[in-house]
Amino acid sequence: MSVYEATENVHNSTPQRTGEVEVPEGHQDVVDFIQKSYSLKPKGLVMNSLKWKYLIRSAVRGKNIMMTGPAGCGKTLAAKSLINGLDRPNFYFNLGATQDPRATLIGNVHFDKAKGTFFSESLFVKAIQTPNAIILMDELTRAHPDAWNILMTVLDSGQRYLRLDEADGQATIKVAEGVCFVATANIGNEYTATRQLDKALLDRFVVIEMDTLSDEEEHGLLTYLYPTVDTDLLQNVAKISFMTRQESLTDNPRISSGVSTRTSVEIAGLLFDGFDLQESANITIYPQYDADGGVDSERTFVKQIVQKFIDDGSNDDLV
Ligand SMILES: Nc1ncnc2c1ncn2[C@@H]1O[C@H](COP(=O)(O)OP(=O)(O)OP(=O)(O)O)[C@@H](O)[C@H]1O
Ligand SMILES: [Mg+2]
């Protein structure tokens, strides 16, 4: 365990960041802060005001927050907007992309000729010791189950520590005051890489479900992002997305998922750059749908929806 003793010394000498962040303290201050917090939401994020307030409240109260919802609906964007809005020290970890959870969350043992074996702690170890930090754990559902096991004690309000080595009960790092964890998850969606999140781990979070946007909200977002693009064209994009989402929610859907807001925003950007709707759909929407089954395929179905709006558009042009 000598490798970890060195780490303990490092921790004792780690400067603590305090006094830099304004965290509301008295109860009335907290209540006022939450009530006024809608102004902290950036215009470019479409999110229900109650849910945004709940997000802020959960962060201020140091809850562990889990953002859920289908792909491309704004989970990561909302989490990043929270970080910007509260102006706290922050750390970002994409757990879905991590091959080695121990190295990412705990650290690595290295060997050096001069120093011998030594332990270098992960950025995560530094993050949890930073008072009032907001720690974003993106794509937690895609993480390796080893990561979930390591996080169990960290996220438990009664424990709040990270064990550096499971074999040695001594080497633990305490989570600093005011640290808030924000995770994102695609729960129950079509992604095969998304593992079913352990129930015990999920229980440690407050869950905030992101809603998918209505066609009007999406049209508003696209117009806000690309005010110079023809608004009717953007409305067609929003309607196409909305119709595909509606279809995917029916009892007997012809497509398993709808076009996401991420894809709508991407299409709007292509229109802005001079592509037409047909071209944009060709490169962004169709590849997401299976062409197997010919006329009965998901792709054919989506093409029919898109075509309807393209035909409408060209008819307008003729008139
Ligand atoms: N609610 C929303 N408000 C504003 N923009 C949105 C919203 N949802 C999606 N977008 C747009 O889509 C992009 C992708 O969103 P984001 O990365 O937050 O999705 P996600 O829910 O985290 O998706 P994934 O599950 O694939 O990680 C954003 O950068 C933004 O342009
Ligand atoms: Mg995301």
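This is a short selection-by-selection tour of a predicted model, from its ligand out to a handful of individual residues.

**Stop 1: the ligand**

Start by selecting ligand 1 and showing what surrounds it. You should find 18 residues in that shell, and the closest are Gly72, Lys75, Thr76, Leu77 and Asn186. Colour the shell by class and you get nine nonpolar, six polar and three charged residues.

Now turn on distances to the oxygen atoms of the ligand. Pick Lys75: a polar atom of its side chain is 2.7 Å from an oxygen of ligand 1. Go on to Thr76, where a polar side-chain atom lies 2.8 Å from a ligand oxygen. Leu77 takes part through its backbone instead, with a polar backbone atom 2.8 Å from an oxygen atom of ligand 1. How much of ligand 1 does the protein bury? On its own the ligand exposes 630 Å², and the protein buries 86% of that.

Switch on a pocket display if your viewer has one: ligand 1 sits in the second largest pocket. Which elements give two or more residues to the shell around ligand 1? They are helix 4, residues 75-86, and helix 11, residues 261-272. Keep both helices coloured, as the next stops come back to them.

**Stop 2: along helix 11 and into helix 12**

Select Ser264, which is in helix 11. Is Ser264 buried or exposed? Its relative accessible area is 0%, so Ser264 is buried. Add Ile240 to the selection and draw a C-alpha to C-alpha line: the two residues are 24 apart in sequence, and the line reads 8.8 Å.

Next, pick Ser280 in helix 12. Ser280 has 0% relative accessibility, so this serine counts as buried as well. Its partner for the next line is Leu270, ten residues away in sequence and 6.3 Å away in space between C-alpha atoms.

**Stop 3: the loop after helix 12**

Move along to Tyr286, in the loop that connects helix 12 (277-285) with helix 13 (298-318). Sitting in a loop doesn't leave Tyr286 out in the open here: its relative accessible area is 4%, under the 20% cut-off, so it counts as buried. Then add Lys303. The C-alpha atoms of Tyr286 and Lys303 are separated by 7.3 Å, with the residues 17 apart along the chain.

**Stop 4: two loop residues with positive phi**

Time to look at some backbone torsions. As background, most residues other than glycine have a negative phi. With that in mind, select Asp87, whose phi is near 50 degrees, a positive value in a non-glycine residue. You'll find Asp87 in the loop between helix 4 and strand 2 (90-94). Show the surface there: Asp87 has 63% relative accessibility, so it counts as exposed.

The other one to pick is Asn132, with a phi near 65 degrees, again positive in a residue other than glycine. Its loop runs between helix 6 (123-128) and strand 5 (134-138). Is Asn132 buried or exposed? The relative accessible area is 19%, and since buried means under 20%, Asn132 counts as buried.

**Stop 5: strand 5 and back to helix 4**

From Asn132, step to Ile134, which lies in strand 5. Its relative accessible area is 1%, so Ile134 is buried. For a last line, join the C-alpha atoms of Ile134 and Lys80: they are separated by 9.8 Å, for residues 54 apart along the chain. To finish, recentre on ligand 1 and find Lys75 again, with its polar side-chain atom 2.7 Å from a ligand oxygen.

Conventions
Residues are numbered from 1 along each chain as its sequence is written. Chains are lettered from A and ligands numbered from 1 in the order in which they are written. This is a predicted model: local features need pLDDT of at least 70, side-chain atom pairs count only at pLDDT 80 or more; totals for chains, interfaces and linings use all residues. Side-chain values use heavy atoms; hydrogens and water are left out. A residue is near a molecule or strand if one of its heavy atoms lies within 4 Å of it. A polar contact is a pair of N or O atoms within 3.5 Å; within protein, one must be able to donate a hydrogen and the other to accept it, and residues adjacent in sequence count only if both atoms are side-chain atoms. Accessible areas come from the Shrake-Rupley method with a 1.4 Å probe; for residues, only the protein chains shown count as cover. On a 1 Å grid over the protein atoms alone, a cavity is a set of points where a 1.4 Å probe fits but cannot get out, and a pocket is an open set with protein on both sides within 12 Å along at least five of seven lines; lining residues have an atom within 4 Å of a point. A molecule sits in a cavity or pocket if more than half of its atoms lie within 2 Å of its grid points. Helices (H or I, at least four residues) and strands (E, at least two) are DSSP runs, numbered from the N terminus. Ala, Val, Leu, Ile, Met, Phe, Trp, Tyr, Cys and Pro count as nonpolar, Asp, Glu, Lys and Arg as charged, and the others, Gly among them, as polar. Buried means under 20% relative accessible area, exposed over 50%, partly exposed in between (1.4 Å probe, protein chains only).
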